[in-house]
Amino acid sequence: MSLGATSFLGSAGDRLLPLSVPFRFFGAAVLFHLAAWAVLVAGAGELAAFRGGAGPVLAAVHLMTLGVFVMTAMGASLQLLPVATLQGFAAPARINAIWWLLNIGTICLAAGMYLAWHQAMVAGGVALSLAIALYLQLLLGNLRRGGAMAAVVAHGWLAAAALIGLLLLGLILIANQEHGFLADAQRAAVSHMLLAAYGFMGLLAMGFSYVLVPMFALAPMPSDRWALAALLCTCAGLALGLAGTWFGQDVWAAVGGGIGLAGAALYLGLMAMTLRQRMRRKLGPAFIMMRLSWALLPLSLFSGIAWALDLLPDWGAVLFGLWLLGWLLGFLLAILQRIVPFLASMHAALAMKRRPPTVTALTAAGPLAAHLYCHCAALILLSAGIAWAMPVLVSLGTLAGLLGAASFAWFFLLAVLKYRAALKAPSA
Amino acid sequence: MTVLISAPHWQADDGCHIDVRGLPAPQPMLQILALLETVAGGGVIVHHDREPIYLYPELTERGWNHEIVPGEAGEVRLRLWRDNAYTNGH
């Protein structure tokens with residue numbers, strides 16, 4: 001379709017990776033999503049009473065966080081950061097190495113956690129450390145050179161700092177499994193979780209929301225000033241939450257959660273304002289998933305505050321973790337179901353000399369609808385099963401999650417097949 | 001909601017022109033799509049400072065074609081036109 005070309009800095013080639021690069025990350029995330037639910041089905045009996053330690057629940061959590069969240073975040077950021085910073089990536093070998101190390105590290109770590117096999121956890125930790133170091137080198141280089149979108153870039157810097165912190169804590173926790181040198185491993189584990197969820201992943205999710213939600217809804221970007229205010233509250237809340245957890249000061253942690261709630265309120269207000277100003281009338285099922293995930297963000301903070309203040313029964317910690325993961329998982333799956341056909345259509349437009357497939361044509365609505373119902377059913381059944389101590393509901397919830405993950409994988413496979421078929425189809 | 005076309009735009013012999021250079025993302029995309037909604041026929045010439053790759057899926061969805069045409073130094077100039085096959089089929 002593009003008949004001409006340009007060597008000017010603004011050409012597509014300077015800012016765009018081949019489609020196979022983000023799609024390898026997204027494809028792996030889709031498979032890890034399936035694997036995480038499958039492992040959770042196997043460990044459903046231990047979920048309600050989970051308090052940390054090796055086993056299927058810990059393995060499933062890390063398949064979800066590393067395999068789905070980090071994999072998607074890396075793939076999306078490698079594709080989208082150049083848009084925010086106006087700086088390209090030119091490191092295919094390093095990106096390739098990141099993908100392999102992240103896959104190998106996630107599989108080893110999850111296997112080690114499932115089987116309580118220390119050597120596998122160490123191998124996984126080493127591979128993941130290398131993957132994260134390579135990724136940080138690319139990310140920080142891009143952020144340092146980039147000047148546009150100050151709020152998004154600030155989120156990137158702070159997410160990178162959180163990533164370093166959570167990696168160090170993760171490695172300490174792996175070493176502690178064998179040597180037991182931490183006086184209170186539970187505090188380190190909770191700090192690791194807070195840094196991962198509200199720090200690295202949460203900040204990336206918020207930062208990219210300011211680019212992706214306006215792009216998909218066709219709306220102006222929110223003001224940098226308010227986005228930075230939300231970021232300040234989020235980081236202050238997280239810092240206080242971490243200090244409270246680390247020093248055993250529950251009130252600090254609760255106040256941190258309250259400040260985090262203020263940040264979440266600002267962020268959600270900006271998102272609501274963005275959607276009110278949109279040009280696109282029908283947002284589609286991706287935004288139902290997105291709104292569901294947004295609802296879980298304050299819910300996770302409320303439950304976290306209540307947990308810190310000992311206002312919840314024993315199962316409160318598990319419910320807090322479930323809603324926290326639900327927020328991030330829902331957000332990422334909403335982004336994935338929108339970005340996969342969008343990128344495929346865009347790359348087809350750049351590659352084809354004739355009409356490329358539309359986003360609508362590349363989106364399989366049936367599997368996505370099935371995924372939405374299953375995802376909602378999983379969250380409701382798991383929440384109810386944990387709160388009412390009904391193992392049957394927990395088992396049904398994990399099965400619904402697995403069915404949803406299979407539907408999502410079907411959607412992804414169809415998008416790839418339709419894209420390939422469009423490229424191969426003879427010209428009319 | 002309707003986006004106001006605030007970017008400079010004018011009618012010329014070769015179609016309606018819009019200059020979105022210097023606008024922060026995603027304003028160029030919004031301005032171009034808003035203009036396309038008002039154009040009854042003929043082509044649109046876009047003056048941009050980089051290739052608007054994320055605009056292409058939106059153009060495809062709306063039945064518009066694009067090509068890069070020669071422009072000034074430091075400018076990416078695009079010609080947009082309606083796909084008749086798409087228009088007739090919808």
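For these notes I call a residue buried if 20 or more other C-beta atoms lie within 10 Å of its own. The model I'm looking at is predicted.

**Entry: strand β3, chain B.** I went through residues 44-48 to see where the side chains go. V44(B), V46(B) and H48(B) share one face and are buried. I45(B) and H47(B) point to the other face and are not buried. No surprise in the pattern, because side chains in a regular strand alternate between the two faces of the sheet.

**Entry: what sits beside β3(B)?** I checked both pairings. With β2(B), residues 15-19, the run is parallel and there are four bridges. I looked up one of these and found D19(B) partnered with H47(B). I then traced the connection: the chain leaves β2(B), passes through helix α1 (residues 27-38) and arrives at β3(B), a right-handed β-α-β crossover. With β5(B), residues 76-82, the pairing is antiparallel and I get five bridges. Here V44(B), one of the buried residues, has L80(B) as its bridge partner.

**Entry: the whole sheet.** I read the strand order in chain B as β1-β2-β3-β5-β4, an open sheet of five strands with mixed pairing. Which strands stand at the edges? They are β1 (9-12) and β4 (64-69) of chain B; each has a single partner strand, so one side of each lacks a neighbour in the sheet. I also noted the turn between neighbouring strands: 25 degrees on average, direction ignored.

**Entry: the β1(B) edge.** I finished with β1(B) and β2(B), which run antiparallel and are joined by four bridges. For H9(B), I found the bridge partner in β2(B) to be I18(B).

How values were computed
Residues are numbered from 1 along each chain as its sequence is written. Chains are lettered from A and ligands numbered from 1 in the order in which they are written. This is a predicted model: local features need pLDDT of at least 70, side-chain atom pairs count only at pLDDT 80 or more; totals for chains, interfaces and linings use all residues. A residue is buried if 20 or more other C-beta atoms lie within 10 Å of its own, exposed if 12 or fewer, and partly exposed in between; C-beta atoms are placed from the backbone. Helices (H or I, at least four residues) and strands (E, at least two) are DSSP runs, numbered from the N terminus. Two strands pair if DSSP finds at least two bridges between them. A crossover is right-handed if, with the strands pointing away from the viewer, the path from the first strand over the helix to the second runs clockwise. Axes are lines fitted to C-alpha atoms, for helices over the stretch in contact, and angles run from 0 to 180 degrees between N-to-C directions.
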